[in-house]
Amino acid sequence: MSSMPGIVISTLTLLLIAGGSFLHGVTPQKITKGAEYDCSSFDTPTLIAKSAFVYDIKTSQTIFEKNADAQMPLASLTKIMTVLVASRTLPAHSEVVIEPEALTPEGDSEFTIGEVWRLQDLIDFTLITSSNDGAHALGLATSRYKKETANDFVARMNALAHTMGLTQTYFLNDTGLDVSKTLAGAYGSARDTALLLAEISQKDEAVYSQSTSAEKTFVTPTGKTYHAEHTSSITGTVPGEIASKTGFTDLAGGNLSLIVEPVVGHPVALVVLGSTRDGRNSDILTLNEYAKKTLKRATLCKK
């Protein structure tokens, strides 16, 4: 019995010695915020686009800009405002009848006179395919509802742009089609377009929710089927996409705008103007990656 306490003491002693060795002989690695993220500087984007703007919608801060206030042809980015005015004016349950005048703009969507579309379906189809007929039909339906003329609808677009403080934005029609070889159907800046997207993100996001669909099939109340494919080859492939709209005319070149969350819960507006048809896609991807790095760096690399 007298030997047992000695064994116990020896064991405790060994444990204490081992514990001391662990505590004093090994220095734990210091964990610092950003330790697993490369906080070194990175290059600013090189773009084909003549103008670009990246806007942090959550903080109202600029992430990147290139000639952001230059007034440029908008092409079919115009339809962002066309849809906004129509959706804010027409009752949500509305049905839109395709009038003869709706088929007059360039670009045939194979609509037929007298055909009926559900309002949100026509909005979705117009945004995905950049349908000029669809945009003009929305404008005409809004004017008919308000008992106004087609010109009054464009005036509403300009009035809303003014109310939003989009100082470089002006619309001549509801499609964005060039009026002539020297006059575009709408003008605006990359900054203005980003601010418009920010407004949509905060108040009208549901209206544009299908604009990121790579393809979608529609069946009208009269039973006609339409298959829509997006005019941007990258739409539907960018993680965190919320809204998307393309634009292209001879005067504008390639335009593209996105609302996207490069970091979850952090929406950003990306806009490029005056690129090329293919270049607008690569430009947007470049800006999205830059925004992602910038947001992560701001969060993880603070001292």
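**Figure 1. Pairing of Phe171 with strand 7 in the predicted model.** In this predicted model, Phe171 has Ala186 of strand 7 as its bridge partner. Strand 6 and strand 7 (residues 186-188) run antiparallel and are joined by two bridges. Both strands belong to an open sheet of three strands, ordered 3-7-6, in which the pairing is antiparallel. Strand 3 (72-73) and strand 6 (170-171) are the edge strands of this sheet, each of them pairing on one side only. In general, the strands of a sheet pair through backbone hydrogen bonds, in either a parallel or an antiparallel manner.

**Figure 2. Surroundings of Phe171 and the nonpolar cores.** When neighbours within four places in sequence are left aside, the contacts of Phe171 include Leu74, Thr78 and Met81, together with Val154, Met157, Asn158 and Ala161. Gly185 and Ala186 are also in contact with Phe171, and Ala186 is the residue that serves as its bridge partner. The largest nonpolar core holds 55 residues, and Phe171 is among the members that touch the most other members. The others in that group are Met81, Leu84, Trp117, Leu138, Leu196 and Tyr208. A second, separate core comprises 19 residues, including Leu256, Leu258, Val260 and Val268.

**Figure 3. The second largest cavity, with Phe171 in its lining.** This cavity has a volume of about 40 Å³. Its lining is formed by Leu74, Leu77, Leu166, Thr169, Phe171, Asp192, Thr193 and Leu196. Helix 6 gives the most to this lining, with three residues. By class, the lining has five nonpolar, two polar and one charged residues. Phe171 and Leu196, both of which line this cavity, are also among the residues that touch the most other members of the largest nonpolar core.

**Figure 4. The largest cavity, bordered by helix 6 and strand 10.** Two cavities of 30 Å³ or more are counted in the model, and the largest of the cavities contains about 50 Å³ of space. Ile80, Leu197, Ile200, Tyr208 and Ser211 are among the residues that line the largest cavity, as are Ala243, Ser244, Lys245 and Ser257. Helix 6 (190-203) and strand 10 (241-249) each supply at least two residues of this lining. The largest share, three residues, comes from strand 10. The lining divides into five nonpolar, three polar and one charged residues. Tyr208, which lines this cavity, is also one of the residues that touch the most other members of the largest nonpolar core.

**Figure 5. The loop at Ala75.** Ala75 lies in the loop between strand 3 and helix 2 (78-89). Because its relative accessible area is 1%, Ala75 is buried. The C-alpha atoms of Ala75 and Leu177 are separated by 5.8 Å, although the two residues are 102 residues apart along the chain. Apart from neighbours within four places in sequence, Ala75 is in contact with Thr175, Gly176, Gly247, Phe248, Thr249, Ala252 and Asn255.

**Figure 6. The largest pocket, with strand 10 in its lining.** The largest pocket contains about 450 Å³ of space. It is lined by 22 residues, of which Ser76, Ser130, Asn132, Leu177 and Phe248 lie nearest its centre. Helix 3 (119-129) and strand 10 are the elements that give two or more residues to this lining. Strand 10 gives the most, with four residues. Three nonpolar, 11 polar and eight charged residues make up the lining. Phe248, one of the residues nearest the centre of this pocket, is also in contact with Ala75.

**Figure 7. The second largest pocket, with helix 7 in its lining.** The volume of this pocket is about 200 Å³. Of the 13 residues that line it, Asp56, His266, Thr294, Leu295 and Ala298 lie nearest its centre. Strand 2 (61-66) and helix 7 (279-300) are the elements that give two or more residues to the lining. The largest share, six residues, comes from helix 7. The lining has five nonpolar, six polar and two charged residues.

**Figure 8. Context of the close-up views within the whole protein.** The secondary structure comes to seven helices and 12 strands. Of the 303 residues of the protein, 50% count as buried. Among contacts with a separation of 6 or more, 65% are made by residues 24 or more positions apart.

Terms used. Residues numbered from 1 in each chain as written. Predicted model: local features only at pLDDT ≥ 70, side-chain atom pairs only at ≥ 80, totals over all residues. Heavy atoms only, no water. Core = buried A, V, L, I, M, F, W, Y, C linked by side-chain atoms within 4.5 Å. Buried < 20%, exposed > 50% of the residue type's maximum accessible area, 1.4 Å probe, protein only. Contact = heavy atoms within 4.5 Å. Pairing = 2+ DSSP bridges. 1 Å grid on protein atoms, 1.4 Å probe; cavity = no way out; pocket = protein on both sides within 12 Å on 5 of 7 lines; lining within 4 Å. Points joined across faces, edges and corners; volume = space filled by probe spheres on them. Nonpolar A, V, L, I, M, F, W, Y, C, P; charged D, E, K, R; others polar.
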